[in-house]
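Have a look at this one before reading on. The notes below go through a few spots worth finding in the viewer.

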Amino acid sequence: MTYTIEGETGPWELVIGLEVHAQVTSNAKLFSGAATEFGAEPNSQVSFVDAGFPGMLPVINRECVAQAVRTGLGLNAQVNPWSRFDRKNYFYADLPQGYQISQFAHPIVGTGVITVELSDGSTKEIGITRLHLEQDAGKSIHDQHPTKSFIDLNRSGVALMEIVSEPDMRSPEEAGAYLTKLRQILRYLGTCDGNMEQGSLRADVNVSVRKAGEGFRTRCEVKNVNSIRFVMQAVEAEARRQIEVWESGGTVDQETRLFDTSRGVTRSMRSKEDAHDYRYFPDPDLPPLVIDPSWIEELKAGLPELPDARRTRYVNDFGLSAYDANVLTAEKETASFYEEVAAGRDPKVAANWVTGDFFAMLNRMGKGIEDSPVSAKHLGALLDLIADKTLSGKMAKEVLEAMGETGKAPGTIVEERGLRQVTDTGAIEAAVDAIIAANPDKVEQYRAKPTLFGWFVGQVMKAMKGQGNPALVNEVLKAKLDG
Amino acid sequence: MHPTDFTIRGALEALNEGIVTSEALTQAHLDAIQALNPRLNAFITVTAEKALEAARASDKRRSDGLAGKLEGIPLAIKDLFCTAGTRTTAASRILGEFTPPYESTVTSNLLRDGAVFLGKVNLDEFAMGSSNATSAYGEVENPWQRSNDDGVRLVPGGSSGGSAAAVAARLALGATATDTGGSIRQPAAFCGIAGIKPTYGRCSRWGVVAFASSLDTPGPVARTVEDCAILLESMSGHDPKDSTSANLPVPDFAAACARGVKGLRIGVPKEYRLEGMPEEIEALWQQGLDWLRAEGAEIVDISLPHTKYALPTYYIVAPAEASSNLARYDGVRYGARVNGEDLKDLYERTRAAGFGAEVKRRIMIGTYVLSAGYYDAYYLKAQKVRTLIKRDFDEAFKTVDAILTPATPSAAFAAGEKQDDPVAMYLNDVFTVTANLAGIPGMTVPAGYDRHGLPLGLQVLARDFDEETVFAVGTAIELAAGLKALPQVRAFA
Amino acid sequence: MSLDLQTVRRVASLARLHLDQGEDQRLQAELNDILGWIEQLQAVDTEGVEPLAGAGASAMPMREDVVTDGGQAAAVLANAPDRAGEFFAVPKVVE
């Protein structure tokens with residue numbers, strides 16, 4: 001079923017393509033030795049190269065190239081052994097050189113594809129047109145002074161990967177799913193931290209609308225959208241705007257727009273470049289970027305397992321449900337945590353504990369997996385205590401709570417609190433006998449109403465301070481009451 | 001003999017033997033500058049205090065047995081090289097009082113070897129010009145005068161006009177320069193000194209204000225071929241800060257000067273025989289070939305068929321790169337600023353006021369040839385012709401070891417001549433520009449005089465990174481020519 | 001190809017060069033002279049010829065991913081025509 005928006009003249013289809021700018025994870029900038037850390041003091045991470053000083057020259061950072069190659073491999077894309085940097089010329093306050101060093105004619109990575117999962121359980125392939133390396137610009141701050149803008153060049157020269165998709169998406173959901181998947185792959189690869197709040201990942205969203213069976217109509221580009229939710233909202237808002245324009249007899253002009261997140265609408269950028277003419281030409285300061293095939297092979301061999309492969313393995317080898325496998329592979333950290341818990345243990349039990357009580361606990365505490373007070377090692381040890389019957393499931397939940405509060409190992413908590421499951425049938429029989437003896441009326445009622453069995457279990461467990469092995473308690477009670 | 005008359009080789013020996021100190025040598029040059037610079041305008045900035053301080057430090061190093069290869073030699077630095085703590089102007093108003101916090105690699109290398117900097121010398125604005133007339137700091141006068149008319153001020157050539165005039169007039173023992181289309185070789189020829197544009201990549205461009213990055217080549221000018229070799233050896237070397245710097249060892253250039261030319265095959269490109277070329281230049285060229293033949297070289301006729309397209313190719317490539325390289329001069333981070341109504345207006349007024357007419361002309365041409373719809377017809381076409389020009393040389397060097405040509409189509413011309421016709425001015429570089437497009441080394445050696453007694457030079461070209469052959473051939477010409485005349489305007493004349 | 005006045009003004013705007021009264025016409029004449037002279041290149045047969053972008057190395061060298069620069073805001077800002085604290089300052093830009 002094609003997603004459509006209903007206009008006055010009937011349904012409209014959406015055509016969406018994304019240009020994603022992903023900040024490359026690296027210590028130093030693309031062409032200089034200045035640092036890339038977020039949130040530093042203004043202009044404190046600026047080399048004279050980044051500030052466009054006279055006579056300064058760029059020298060490329062090897063790791064940034066490696067990261068682009070890894071990303072290309074992760075996107076199942078062609079890595080080009082010969083690529084080149086061009087200058088994109090335009091004037092802007094936060095563009096110190098008067099040009100951005102980018103790759104226009106010969107990008108480092110060519111066409112690729114990624115598969116996205118949609119909420120109805122279906123999947124869709126989205127084409128990648130290209131990936132290229134380029135410099136980020138500095139930052140203009142407009143709200144600090146009534147008549148001036150302030151310029152901070154800390155970001156100037158930080159390496160970006162621009163990842164351009166084919167116009168293959170047809171709904172806000174698909175756009176969201178694409179960006180989610182792309183972000184997941186980048187984070188798995190460790191090539192971009194995917195932090196959209198800090199601007200490490202931002203999307204330019206190209207949207208057009210059309211009637212079924214038509215070719216493409218004019219598109220507009222919504223610039224710099226910085227969350228997945230906003231991407232989906234921006235698609236919808238821009239599509240509705242264009243439908244209104246077309247339906248009122250107007251024409252959509254190809255232009256750059258901004259998404260106003262507070263009002264949920266897009267608006268034309270006021271500071272439009274007078275007729276974009278970037279005068280791209282090969283940067284004469286930089287010879288071609290030639291990548292040895294053996295280096296590509298080396299980087300390929302060092303790639304981590306990506307989410308699709310991992311998910312398939314969880315389903316096929318571990319016997320997990322598709323749902324659990326999805327949840328566990330959504331973030332690389334979660335998957336690593338899970339695998340450590342599952343190592344040498346029952347993978348399904350491990351999955352139940354991680355996605356169940358453990359996640360619930362993190363939720364309650366408002367923490368993420370990276371700052372979890374319970375380590376994977378400790379959670380695994382807890383599962384071992386269940387497996388060797390030291391703890392019942394119920395006791396284990398209590399111990400997990402205590403682990404969350406204290407950060408201690410489960411063994412320590414069991415020791416400290418004397419929480420040891422009783423599996424000695426003699427002790428259980430004694431407790432059962434005592435309860436039966438004390439409650440002859442209930443025993444009488446039980447004959448007519450077997451559902452009272454649960455009440456007896458509760459009384460026995462209570463008497464045993466919850467430490468009776470539930471299966472044995474059940475077994476003994478059943479024998480005594482029915483016998 | 002006055003200390004300003006030393007060659008670099010001679011001064012090094014005199015310093016070593018204690019005949020002169022660097023302080024005395026430096027003071028003599030500062031005195032000469034003080035006396036003659038008001039007339040010649042070769043220096044934009046004279047750093048007298050710093051120079052004397054450096055000279056005294058140099059004398060100390062020498063007495064401590066720590067003398068470098070250029071220990072104590074006073075040099076002039078083209079004001080296109082960034083010098084830490086000393087204003088660097090590129091002879092443009094737009095840089096204002098810009099004072100770099102860094103030292104260019106080439107000047108760092110010279111300082112490492114003990115050189116003493118006298119100051120920053122004049123040039124065409126951003127090195128764009130062939131007469132030094134486009135400098136925001138005024139024209140430079142050529143120290144040579146026509147024998148028949150000493151009232152005419154002659155241009156020193158450009159863009160390294162200040163470097164060439166200063167060295168010719170004995171205001172410095174040598175100077176750094178840069179060559180994008182002939183900016184070392186043409187002024188050296190006009191001022192009767194030697195100058196070499198080494199292979200592209202031999203000297204780092206780091207810290208040199210960029211004009212056209214794929215062509216810009218730092219190099220030295222000096223009064224002898226050997227002095228050029230000594231300076232070039234110090235200036236050269238791999239620089240990890242310049243991605244186009246060649247990672248090759250630096251040969252002993254001075255030793256190569258003495259190699260001789262016996263057995264070398266010298267090419268004579270027929271395309272350099274221009275229609276209407278003055279007879280004396282044609283005759284000098286023939287003379288040079290005869291000298292080399294007499295020394296045992298074999299003269300071979302060759303063809304460089306795309307020569308006539310080199311200048312128009314250059315005048316697309318260089319302005320295109322320049323239009324982009326000069327975008328950074330926007331009045332935001334350094335340099336002069338002219339305020340405007342908004343940012344765009346600030347840019348436009350700053351750049352309109354900061355750049356001179358020739359720079360603006362080239363920015364306009366460069367912007368135009370790169371703009372949408374014209375890129376293929378101009379820029380891409382020029383790049384393809386550049387391939388053909390390079391190919392011509394590759395072919396030629398299969399059969400010859402070096403090429404000999406005239407350096408310039410005329411001797412120094414009068415100030416004000418050719419000023420109104422950009423294309424006529426551009427033709428000055430007709431013999432030199434091909435080496436920049438191909439990247440190969442080229443040197444101008446003084447070889448004779450025109451009918452008015454003005455110096456004329458010959459140009460030696462060789463294969464990529466074969467400066468040694470250039471020096472060998474250059475020395476042979478220098479020895480055979482045995483020139484004795486001195487410029488009329490010179491220190492202690 | 002010859003430049004009309006409108007193109008001269010557009011190119012000047014792209015290059016951020018303010019043109020004074022009459023300067024556009026003077027530039028138009030000069031640029032057309034130069035372009036006319038450059039036109040001779042069209043006569044060269046470049047069929048199948050690869051463009052040559054630069055004369056330098058055939059492959060670019062790479063630096064290691066180590067922080068070696070920065071931490072010099074004072075030097076970066078020292079030549080600034082206008083600044084506010086540790087920022088460069090320009091007339092307000094409206095996006």
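What follows is a short tour of a contact between chains, a domain layout, a sheet and a helix. Keep in mind that this is a predicted model.

**Where chain A meets chain C**

Let's start with the contact: 44 residues of chain A touch 35 residues of chain C. On the chain A side, four elements each put in at least two residues: β3 (60-61), α1 (62-74), β10 (148-152) and β17 (289-290). Of these, β10(A) gives the largest share, with five residues. By residue type, the chain A side splits into 21 nonpolar, 15 polar and eight charged residues.

There is strand pairing across the two chains as well. β3(A) runs parallel to β1 (residues 62-63) of chain C, and two bridges join them. To find the spot, look for Ile60(A), which sits opposite Met62(C) in β1(C).

**Domains of chain A**

Zooming out, the domain assignment cuts chain A into three pieces:

| Domain of chain A | Residues |
|---|---|
| domain 1 | 4-297 |
| domain 2 | 307-417 |
| domain 3 | 425-482 |

Going by C-alpha atoms, the centres of domain 1 and domain 3 of chain A are 67 Å apart.

**A buried helix face in chain A**

Which residues of helix α7 (residues 332-342) of chain A are buried? They are Lys332(A), Ala335(A), Phe337(A), Tyr338(A), Val341(A) and Ala342(A). An α-helix has 3.6 residues a turn, so residues three or four places apart point the same way. The buried residues of α7(A) pack against a set of other helices of chain A, namely α2 (172-189), α5 (307-318), α6 (322-329), α8 (347-365) and α9 (376-387). Just past the end of α7(A), Gly344(A) adopts a positive phi of about 75 degrees.

**The sheet in chain B**

Over in chain B, there's an open sheet of 11 strands with mixed pairing, in the order β1-β3-β2-β4-β6-β5-β10-β11-β9-β7-β8. Its edges are β1 (43-46) and β8 (298-302) of chain B, each pairing on one side only. Ignoring direction, neighbouring strands in this sheet are turned against each other by 30 degrees on average.

For one pair inside the sheet, try β9 (residues 402-406) and β11 (residues 455-462) of chain B, which are antiparallel and share five bridges. There, Thr405(B) faces Gln459(B) in β11(B).

Finally, what lies across β4 (174-179), β5 (194-197), β6 (217-222) and β10 (442-449) of chain B? That would be helix α7 (residues 225-235) of chain B, running at about 145 degrees to β6(B).

Key
Residues numbered from 1 in each chain as written. Chains lettered and ligands numbered in written order. Predicted model: local features only at pLDDT ≥ 70, side-chain atom pairs only at ≥ 80, totals over all residues. Contact = placed C-beta atoms within 7 Å. Nonpolar A, V, L, I, M, F, W, Y, C, P; charged D, E, K, R; others polar. Pairing = 2+ DSSP bridges. Domains from an automatic or database assignment. Axes fitted to C-alpha atoms, helices over the stretch in contact; angles between N-to-C directions. Buried ≥ 20, exposed ≤ 12 C-beta atoms within 10 Å, placed from the backbone.
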